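User: Hello! I'd like to go through this structure with you and ask why each term is used.

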Amino acid sequence: MADAETFDPTIVEMRPVVAACAIDELDFARMYEDNLSLLVAIAMRKFQVPEPDAEGLAHEVFFSYLKRKNEIRDLHPWLIGAICHASRYFWRQNGRRTEQLDHSRAVLRPDPASAGILDSLPAQLAAGEILELLPPRYQEILRLRYYEGYSIQEIADYLGVTAKYTQKLVSKCLRRAEQVYNAASARKKP
């Protein structure tokens, strides 16, 4: 124990500050580890930022957090908003520096999303037209199953019914869509 003669007030004042810094560093390290992969994934998946650039953007977000940590009320939404903003800014800056693609090179590397579109587009248009002619409940069920890729069990949970009933309901919707398609194609024939 320190007595009045050996008591140094600067040492006592420094101990809590050092402990607070150590706690802040541990909190930041934990927050960094917990959120780095999420921020990189958002930048890559939602904004198609290349991985090395996405990691750099995430680090910029953490640096910005360190500057503003006293102003931030809710950390998780702030981090997500910051990475979205940084990703958009990244593309605004890089969009200005991109050169126009040479047409001859573009023909050599077609867009994978449009490969085979001439074969599938008429079917997709016909399916969309038929879907519009169905009752709203049938439209929703077929949209969930075939456009959004929900499983039978997921649709059952969404509708609050059993999976067996949902399978029958999907089959019923498909039969009805087929009837509407056949009736529409019979009307179009001269």
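Analyst: Gladly! Buried residues, those under 20% relative accessible area (over 50% is exposed, in between is partly exposed; 1.4 Å probe, protein chains only), make up 22% of the 190 residues in the protein chain. This is a predicted model, where local features need pLDDT of at least 70, side-chain atom pairs count only at pLDDT 80 or more, and totals for chains, interfaces and linings use all residues. Residues are numbered from 1 along each chain as its sequence is written, and side-chain values use heavy atoms, with hydrogens and water left out.

User: What makes up the pattern of the protein chain along the sequence?

Analyst: The pattern reads α-α-α-α-α-α-α-α, with eight helices and zero strands. Helices here are DSSP runs of H or I with at least four residues, strands are E runs of at least two, and both are numbered from the N terminus.

User: Why does Ser-87 count as buried?

Analyst: Its relative accessibility is 0%, so Ser-87 falls in the buried class. Ser-87 sits in helix α3 (residues 75-97). Beyond its neighbours within four places in sequence, Ser-87 is in contact (heavy atoms within 4.5 Å) with Ala-43, Phe-47, Val-49 and Leu-57.

User: What makes a set of residues a nonpolar core?

Analyst: The members must be buried Ala, Val, Leu, Ile, Met, Phe, Trp, Tyr or Cys residues, joined through side-chain atoms within 4.5 Å. The largest nonpolar core has 20 residues, and Leu-39, Val-49, Leu-57, Val-61, Leu-79 and Ile-83 touch the most other members. Helices α1 (9-47), α2 (51-68) and α3 each give two or more residues to this core. A second, separate core of 13 residues includes Leu-131, Tyr-138, Cys-173 and Val-180.

User: Why is α6 called roughly perpendicular to α8?

Analyst: The axes of α6 (residues 136-147) and α8 (residues 163-188) come within 10 Å and cross at roughly 110°. Such axes are lines fitted to C-alpha atoms, for helices over the stretch in contact, with angles from 0 to 180 degrees between N-to-C directions. Under 35 degrees counts as roughly parallel, over 145 as roughly antiparallel, 65 to 115 as roughly perpendicular and the rest as oblique. The crossing angle therefore makes α6 roughly perpendicular to α8.

User: Which residues make that contact?

Analyst: Among them are Tyr-138, Ile-141 and Leu-142 of α6, and Leu-169, Val-170 and Cys-173 of α8. The residues of this contact divide into nine nonpolar, no polar and four charged.

Key
Nonpolar A, V, L, I, M, F, W, Y, C, P; charged D, E, K, R; others polar.
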